[in-house]
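Dear colleague,

I am handing over the structure below, and after it you will find an account of what came out of going through it. Please read the text with the structure open beside you.

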Amino acid sequence: MTVSFIGYTTKDVPLKGQRQVNVTLVEDSKTLQEVVVIGYGSQKKTTLTGSVASVNVKELSQSPSANITNALAGRLPGLTVTQFGGGEPGKDVASFAVRGLSSYNSGAQSPIVIVDGVERSLSNLDPNEIETFSILKDASATAVYGIRGANGVVIVTTKRGVSQSKPTVEFKAQVGLAEPVSYPDYLGSADYARLYNQALKNDNPGWETDPAVQSKLFSDEMINNWARAKGDNTDGLGYNIDLFDYAFRPAIQQNYTLSLRGGSERARYFAMIGYFNQDGNYRYSDLNDAYSTNGGFKRYNLRTSLDIDITKNFYVSVNLGGQITDMNESGGGSGNIIFTANTTPPIYPVVLERNGHPSNETYYTDHPNGLLFGDSQYTKNILGEIAYMGYKTTHKINFQGNFVIGHKLDFITKGLKVEGMFSYDIEETHAIDRSIPRKVANNEEYGGYATFYPSEGLGIYATPDRVRYSGAYTPAISNFTVDNTKQNSYQASMAIARVYMQAKLDYQRSFGGHNVSGMFTMHRSQRTIGNEVAYRYQGFAARATYDYENKYLFEANVGINGSENFSKAHRYGVFPSFSIGWVPTEERFMSGTKGWLDHLKLRGSVGWVGNDQGIGRFLYVQYYNGTNASSWNTGTNYNQSMGGGLQEGDLANPDLTWERGIKYNAGIDMNMLNNRLSLSIDAFYEKRWDIITNTGGSDVVGIPDIFGKTSSYVNAGTVINRGFDLELGWNDRIGRNFNYYIRFNAGFARNKILDMMEIDRAVPWMQRTGHRVGEYFVYEVDHFVKDQAEADKLNAMNDGAGFQPWGTLSPGDVVYKDLNNDGKIDDQHDMKAMGNPKTPELQFGIPLGLSYKGWDLSVLFQGAALTSLQLSGPAVWDFPVMGAQGNNMGKVKAMHLDSWTPDNPDASYPALHLGNHPNNKNASSSLFLYDASYLRLKNIEIGYSLPQKLIQKAHLQQVRFYVQGMNLLTFDKLGDVNMDPETGNGNGSWYPIQRIYNFGVNVTF
């Protein structure tokens, strides 16, 4: 018989024929005695005074993502995860920040990642090889990393063997489908034509009496044909092609791992091999028999560890890991494929109809799959970009090895231990470029493939009864009728090797109710890239902790580090931290709360941090560069040449040193109601000063350009950052078999620039100082021009120069706010901070789950708020002009249906115009600054484990089947903009992130 209750350990009781038994359960202190991995060691959660968050690695496996960074969003309070880079296979790496941003130095905003004690990449790890995953947030937790830990630390440990455990073999197999989570939804041919006519009329007042303009309008008959058309013109009603549906398809994704784990009393072992394969989403990528132009990513993982206790006091450990990755991509790049899909109107074909015309047949010898459509206006073809631009492959090999040797020094004093570690990592990259060179004609860039168009012009595709064209085709570039051949170049990048050495002394002992521990370590890192001068860091770190009866807690940490980025006088820094804690529930006067309050801890910390990232090397050294031969003009016909010489390089700053900061943290941890309810809250404040600032930027005070040299870097800026982290959880059981949990975690961080050496602006609201890092400065839309009378008045202002600098205004055009009331709009006085930074200030997650007998369900909702998105070009503009000559006319979306007309004066979008119209289509307009808040159904997993009675007959320990989904639903505020809220800023040429449906089975022997 099994007896269990929330808050107590489960107990198995043999009945032995008894009808009545008495059972006493023991209070379960597992959640409080849980060990948390921290810098250079671990601590019991109950006595931890720093701010550390951990995630159960099983939860990371519920996200069937190619890159583990994409599985982190919504899992940890205080960790901001964004996938602005898109979802292209092999490039879908999320960026993350711990407690927001504390520096405007863009190269100094990311946390360091420590894997098995060494700074390494997280991206290509398999979740199945990870044992623990933690983030260190406050100075008490990060101080031991000195100048490397100012932006937080991510600590990962990989799996190891288990003492006195029988060998366990686990096999996992997953197969699924991956597809873009959303596509931009452009209007079809009929609506495109209606809005085109509307824009053409807006551009040509008096069009009613202008035959030239009327001849360019789409006819009502053609518009009605498009509204009824199938889309591929087989019905003779015209083309209506959705290029995203044409170009993209779901792709197969596979993941397999096999692991072995076990150990004896003196030896423990773990080994794993893994294989991951993600196909790309392009259709028609296999038209060339010899190669594929589809995107794709393969990864092979290897992990093995061995821990041996040679004697009772002497031990060694070996940990080896490796990843091999192969990435394939289209030779033309995904950006060009997306761009072409975003800009080519739906009224034109992708492949021209083979109409039997004699002059066309000669082309088909070289183009058996058909002639691609294109002309001097639409220079790129979606099929050509996918299938006929060749391909590129990137092969990476990454190997890591740790060797640890340690000895307990109880013969000196009990609890003392010495340990040394040597680590060697190496990475090599081999790239093959077999892309097809592009053609350039009349300053326009074409594909490396031949394109053709009807000799009678593109107008035939808008002419009823002519769309089934029977005439001749003309090459878009004269005499370019055969595709270019692919190039064949090979590049091996310089090997990147890292050697890391560490010696550590640990001490831990109890004297009655007094518990003390200490740690001292010396470490040195050397990273070499080919024949470059080695990159080096070295330093010391120490920690001392004390607690009395797990009630009064104290901890002190210090990191002493040296950085090669600074001169000898400024190379080393000392970064101490101090933290205290109090556990009131251990006090006698709190005994009356035992019935509902299981644990209460109050903690606080303060510490100093530093940062040396985001700059080049040796900026304290003045360089002199060699010059080519020069010609000196000493008069007419007296030019004299001289040999190469020396010239002064960029200006150095021998006083440059690390960014400095101080961090404060206060936290409360609680467990209540037999540990069913848990709550952890942290409030933090950081001030970062001496921020490394490039004085050569246009926004900062520096040396004028006339000086002729790039300004030096200086320590100048100051930023404050404050906010809170929160995690609330409920874990309970109903009856004997139904278990459930729900948690809520959130992290909020808001920064403010106090100083950045900013130039004096003409007006105070243009100052970046006093605002948040990355805040948008835009022209604020006031209203749309009401009528021609208002347009004439505005155009007549400033002696005819107009109220706004972007051309003549007409009814329905945007009018911006004149912030300084000087009667004109300009970029020195009339831009202001609006919206929120791109990096969300608030990110949250809601994981929940339940289990009943063999069934289990896990769900994760994840979201972000206080974040904005600035779009431009084909992502939001009507009929945008693209290309060097400005004659590639883009498309329209549903958002443009509600555009201004005399009959629709309260529209949400201004009057439509064809092509370039910088007044309305302005990349710095608040009209295109959007609230990018969202809520996603990030993950869902449903599993079923076969009954033990059934699988024991086959000598199996567990068999579990499950289905998973990732990025299934998204709720946002973008509406008819129809872009994913995690889209990067810009024109929308962005490979969408992936929605994944997955089926898997886990078998444990």
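I begin with a residue from one of the salt bridges: Glu841 counts as buried, because its relative accessibility is 5% and the cut-off for burial is under 20%. Please keep in mind throughout that this is a predicted model.

The partner of Glu841 is Arg750, and the side chains of the two meet in a salt bridge with an N to O distance of 2.8 Å. Glu841 lies in the loop between β42 (831–834) and β43 (842–852), whereas Arg750 belongs to strand β38 (residues 738–755), so the pair ties together parts that are 91 residues apart in sequence. Unlike the buried Glu841, Arg750 is partly exposed, with a relative accessible area of 29%.

This pair is one of the 48 salt bridges that the structure holds. Side chains of opposite charge can pair when their charged atoms come close. Another case is Arg603 with Asp682, where the closest N and O atoms are 2.7 Å apart. Here too the pair links distant parts of the chain, since Arg603 sits in strand β30 (residues 597–611) and Asp682 in strand β36 (residues 677–694), 79 residues apart. Both partners count as buried, Arg603 at 8% relative accessibility and Asp682 at 3%. They also take part in a network of salt bridges, in which Lys601, Arg603, Asp669 and Asp682 are linked.

A further salt bridge joins the side chains of Asp931 and Lys973, at 3.4 Å from N to O. Asp931 lies in strand β48 (residues 929–931) and Lys973 in the loop between β50 (958–972) and β51 (994–1004), so this pair ties together parts that are 42 residues apart in sequence. As for their surroundings, Asp931 is partly exposed, with a relative accessible area of 32%, and Lys973 is exposed, with 59%.

Charge also gathers on the surface, where Asp185, Asp242, Asp245, Asp898 and Asp976 form a patch of negative charge. One of these residues, Asp245, is found in helix α7 (residues 243–247) and is partly exposed, with a relative accessible area of 48%.

Turning to the strands, there is an open sheet of three, in the order β17-β22-β23 and with mixed pairing. At its edges stand β17 (372–373) and β23 (473–475), each of which has a single partner strand, so one side of each is left without a neighbour in the sheet. The strands β17 and β22 (residues 451–454) run parallel and are joined by two bridges, with Leu372 standing opposite Thr451 in β22.

The loop that holds Glu841 follows β42, and this strand pairs with β39 in the antiparallel sense over four bridges, with Tyr779 opposite Met831 in β42. In a regular strand the side chains alternate between the two faces of the sheet. In strand β39 (residues 776–779), Tyr776 and Val778 point one way while Phe777 and Tyr779 point the other way, and all of them are buried.

Two residues deserve a look for their backbone angles. Most residues other than glycine have a negative phi. Arg99, however, has a phi near 55°, a positive value in a residue other than glycine; Arg99 lies in the loop between β7 (95–98) and β8 (112–115) and is buried, with a relative accessible area of 7%. Asn233 likewise has a positive phi, of about 70°, although it is not a glycine. Asn233 is found in the loop between α6 (220–228) and α7, the helix that also contains Asp245, and at 0% relative accessibility Asn233 counts as buried.

Lastly, a distance that may help you to find your way: Leu416 and Asn671 are 255 residues apart in sequence and 33 Å apart in space, taken from C-alpha to C-alpha. Leu416 lies in strand β19 (residues 416–435) and is buried, with a relative accessible area of 13%.

With best regards

Methods
Residues numbered from 1 in each chain as written. Predicted model: local features only at pLDDT ≥ 70, side-chain atom pairs only at ≥ 80, totals over all residues. Heavy atoms only, no water. Patch = residues over 30% accessible without salt bridge, like charges linked within 9 Å, V, L, I, M, F, W, Y side chains within 5 Å. Areas by Shrake-Rupley, 256 points an atom, 1.4 Å probe, with all protein chains shown as cover. Salt bridge = Lys/Arg side-chain N within 4 Å of Asp/Glu carboxyl O. Lys, Arg positive; Asp, Glu negative; His and termini not counted. Charge placed at Lys NZ, Arg CZ, Asp CG, Glu CD. Buried < 20%, exposed > 50% of the residue type's maximum accessible area, 1.4 Å probe, protein only. Pairing = 2+ DSSP bridges.
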